[in-house]
There are 2 protein chains.
Amino acid sequence: MLPEEHFRLLKTPNGARAGELNTPHGTVLTPVFLPVGSQATVKTLTPQDIKDAGFNMVLANTYHLYLRPGIDVIDKMGGLHRFMAWNGAMLTDSGGYQVFSLAPLCKITDDGVTFRSHIDGSEHFLTPELAVQYQEALGADVMMVLDECTAYGDSQEKVQKAMDRTHRWAERCLKAQKRKDQALYAIVQGGMFPELRRQSTEYLTALDFPGYAIGGLSVGEPKETTFAMVEETSAWLPVDRPRYLMGVGSPEDIVEGVARGIDIFDSALPTRVARNGALFTGKGRINIRRAAYRKMDGPPDPDCDCSTCRTFSAAYLSHLFRSDELLALRLATVHNLRFISNLMQELRESILDGTFAAFRKDFLSSYKTTNEQVRVEQKGRWLRGRE
Amino acid sequence: MLPEEHFRLLKTPNGARAGELNTPHGTVLTPVFLPVGSQATVKTLTPQDIKDAGFNMVLANTYHLYLRPGIDVIDKMGGLHRFMAWNGAMLTDSGGYQVFSLAPLCKITDDGVTFRSHIDGSEHFLTPELAVQYQEALGADVMMVLDECTAYGDSQEKVQKAMDRTHRWAERCLKAQKRKDQALYAIVQGGMFPELRRQSTEYLTALDFPGYAIGGLSVGEPKETTFAMVEETSAWLPVDRPRYLMGVGSPEDIVEGVARGIDIFDSALPTRVARNGALFTGKGRINIRRAAYRKMDGPPDPDCDCSTCRTFSAAYLSHLFRSDELLALRLATVHNLRFISNLMQELRESILDGTFAAFRKDFLSSYKTTNEQVRVEQKGRWLRGRE
């Protein structure tokens, strides 16, 4: 599939974009949010649940699947789509981020990265070529290059060194690619340094990837910095290629990302906070465990059309959470994902009919993240983006 | 509803019985197994999942619901059916068993039982009248009397004393009943003493309940003793009333119970062992975590028609368990319950067409509980029956 066939841009009023991604597993309307299925499962949900919530593209993690059950197992089972019984579109992350955030890091050289498994401590070696080879075996519709991630607060020198290596690795990934039915995306790095972001974007754009991700954000920096870096990067990205903001996915951040021209989002946040009892509503996040919901007849979110809100009361969901019942986690996950898919659809429609600016203003003024909930979100900041 | 309308016996060849329970929430074919939903949820499943697995009657526990969310909350929400969004038939246990097995017991007198919550240690008082009042508020189709449970190994004197109290409490429950659309079942006690079992059955039968449970079994005694007591009790029960063997529900025990004229079973075993990775198959129980399943393409149980076996491979389910994924618990629960509902249907059909004896022999000779799995089952023997 040629890059120009992979993505079609339909409209770009004031920066916000509506388009479509064409993949061997169907067309995905953008802007799109990808539920995170690190270990070949979006936690608590079946593939049918994911579709029912309104999604036809998910993300899985090469790092997790390499360690468990092993790329060989999934390859033998006919690839990741078949293994997890998902026939929609799929993106796999290269494993770079997880190696740097989850695994005790051993050594990084130009060749690749040596790391220890966070599960059993065993030593492994990952190279750009292996990252592509593994992702080709997994068979996702979109693959990511192996990148070197830096932390918030790292010096410009350190960030530049990692960025330069990320660029060299991106070229090696491109060369290593054998299958042509998968789109390989580059990842722009450069930390919180606008000049490095510009350099990284220019370098990678020259290599002509079918898509570009913005990496290394949402790692603890203030929100303004995140979006300043997004703007800095977007300005240099080619208009006709999809733009993927990695690890960002709260409702308010999605709206702000879309306003800055982002087409693709992923984040474990909606599903993770759901498992803590935090539900998205049009008025902000609520904590369903609170006493106020104990006797509340009527759905958790009266404006929601998800199967949870259509079937159960706030009182029942509150009871399940208070009683540590497993069903609570699933019902809340379904709700938060449905909230996000409805949001994506509304965003897209507002872009297409020219009302995005008003939608953005209305949404952000009514959607307030309550203080009691921010606590949930900020647990493990470094990990908050990508499980 | 008159007792004779509640149960209709269709056939009784050689002890095994096929019939139907008529309830305000539908007709339930017997022999029947009730999935256990102690806290107003069959762990990991929605009401739709339970129906899809083939069940139209479930069990819930008054003890658990009294403590959380509180009978008042469920009453306010319009009863337990509406609270948990279950429109099928339902049986509630009185709380007697849980008070004696889960809660630190304070004091028992003829008046009732004082106990402490196993959740927060608060003190509570339960009487036969309150047990009925709570169950009327919950609104299940079948209620159970409050009984005094004894442990395996208790002296005949102690068991007799508890049995006599259980009889007095049964009379008080009968008198306390106000709603007439709910069937109140008595519970036969008498421990492992045949003479006491006979006395208990005769005493309670004279009170003319619409159904009779056999309680105080599967509490650690050998299997032969369990079924000897079932036989001892069944011999004295009226033929035209349903017989409920409480807390028994492994596939092999169900077959043996049906052979002895049992109509109703409940047990947390099928769902609990599922969450440990133990799946029922026609050849016995398998441990899906085992290395043998890591690369096994094809369903966990090739003979099963459940949504898990129709959708996912043994390798995928094994991966989910090995990776501590929540979806594993749900997929295995669906499978084990479907196995049981298929078994109940086969048992019923074999009774109706006169082939039960052959079915029993075939099933028990091919179904072997492997040693590695028995371990899972025997954790917490006292609790194994009723969660």
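Me: By what turn, and what shift along the axis, can chain B be laid on chain A?

Reply: Let's begin with the idea: copies are superposed by least squares on the C-alpha atoms of residues with pLDDT of at least 70 in both. In this structure, a turn of 180 degrees with a shift of 0.0 Å along the axis lays chain B on chain A, and the RMSD is 0.0 Å. That is the relation of a two-fold axis. In chain B, L326(B) has the C-alpha nearest the axis, 4.1 Å from it. Before we go on, remember that this is a predicted model, in which local features need pLDDT of at least 70, side-chain atom pairs count only at pLDDT 80 or more, and totals for chains, interfaces and linings use all residues. Residues are numbered from 1 along each chain as its sequence is written, while chains are lettered from A and ligands numbered from 1 in the order in which they are written.

Me: How many residues of chain B are in contact with chain A?

Reply: First, the term: two residues are in contact if their C-beta atoms, placed from the backbone, lie within 7 Å. By that rule, 31 residues of chain B meet 31 residues of chain A. The helices α4 (71-76), α14 (314-322) and α15 (326-352) of chain B each give at least two residues to the side that touches chain A. The largest share, 5 residues, comes from α14(B). Helices here are DSSP runs (H or I, at least four residues), as are strands (E, at least two), and both are numbered from the N terminus.

Me: How do the residues on that side of chain B divide into nonpolar, polar and charged?

Reply: The classes work like this: Ala, Val, Leu, Ile, Met, Phe, Trp, Tyr, Cys and Pro count as nonpolar, Asp, Glu, Lys and Arg as charged, and the others, Gly among them, as polar. On the side of chain B that touches chain A, the division is 15 nonpolar, 8 polar and 8 charged.

Me: Let's look at one chain. How many helices and strands does chain A have?

Reply: Chain A has 17 helices and 17 strands. To judge how compact a chain is, take the radius of gyration over its C-alpha atoms and compare it with the globule rule, 2.2 Å times the number of residues to the power 0.38. For chain A the radius is 20 Å, close to the 21 Å that the rule gives for 387 residues, so chain A is as compact as a globular protein of that length. Its C-alpha atoms fill a box of roughly 60 × 50 × 40 Å along the principal axes.

Me: What order do the strands have in the open sheet of 8 strands in chain B?

Reply: Strands of a sheet pair through backbone hydrogen bonds, either parallel or antiparallel. For a pair to count, DSSP must find at least two bridges between the strands. The order in this open sheet is β4-β14-β13-β12-β11-β10-β6-β5 (chain B), with parallel pairing. At its edges are β4 (32-34) and β5 (57-61) of chain B, each pairing on one side only.

Me: And what order do the 3 strands of the open sheet in chain A have?

Reply: That order is β7-β8-β9 (chain A), and the pairing is antiparallel. Both β7 (105-108) and β9 (123-126) of chain A have a single partner strand, so one side of each is left without a neighbour in the sheet. Between β7(A) and β8(A) (residues 113-116) there are 3 bridges, and I108(A) stands opposite V113(A).

Me: Why is strand β6 of chain A largely enclosed by the rest of the structure?

Reply: A residue is buried if 20 or more other C-beta atoms, placed from the backbone, lie within 10 Å of its own, exposed if 12 or fewer, and partly exposed in between. In β6(A) (residues 89-93), 5 of the 5 residues are buried, so the strand is largely enclosed. In a regular strand the side chains alternate between the two faces of the sheet. In this strand, A89(A), L91(A) and D93(A) point one way, M90(A) and T92(A) the other. With β5(A) (residues 57-61), β6(A) pairs in the parallel sense over 5 bridges, and L59(A) stands opposite L91(A).

Me: Is M144(A) buried or exposed?

Reply: M144(A) counts as buried because it has 29 C-beta neighbours inside 10 Å. It is found in β10(A) (residues 142-144), a strand that pairs with β6(A) in the parallel sense over 2 bridges. Leaving aside residues up to four places away in sequence, M144(A) touches several others, including T92(A), D93(A) and I187(A). M144(A) and I187(A) are 43 residues apart in sequence, yet their C-alpha atoms are 7.4 Å apart in space.
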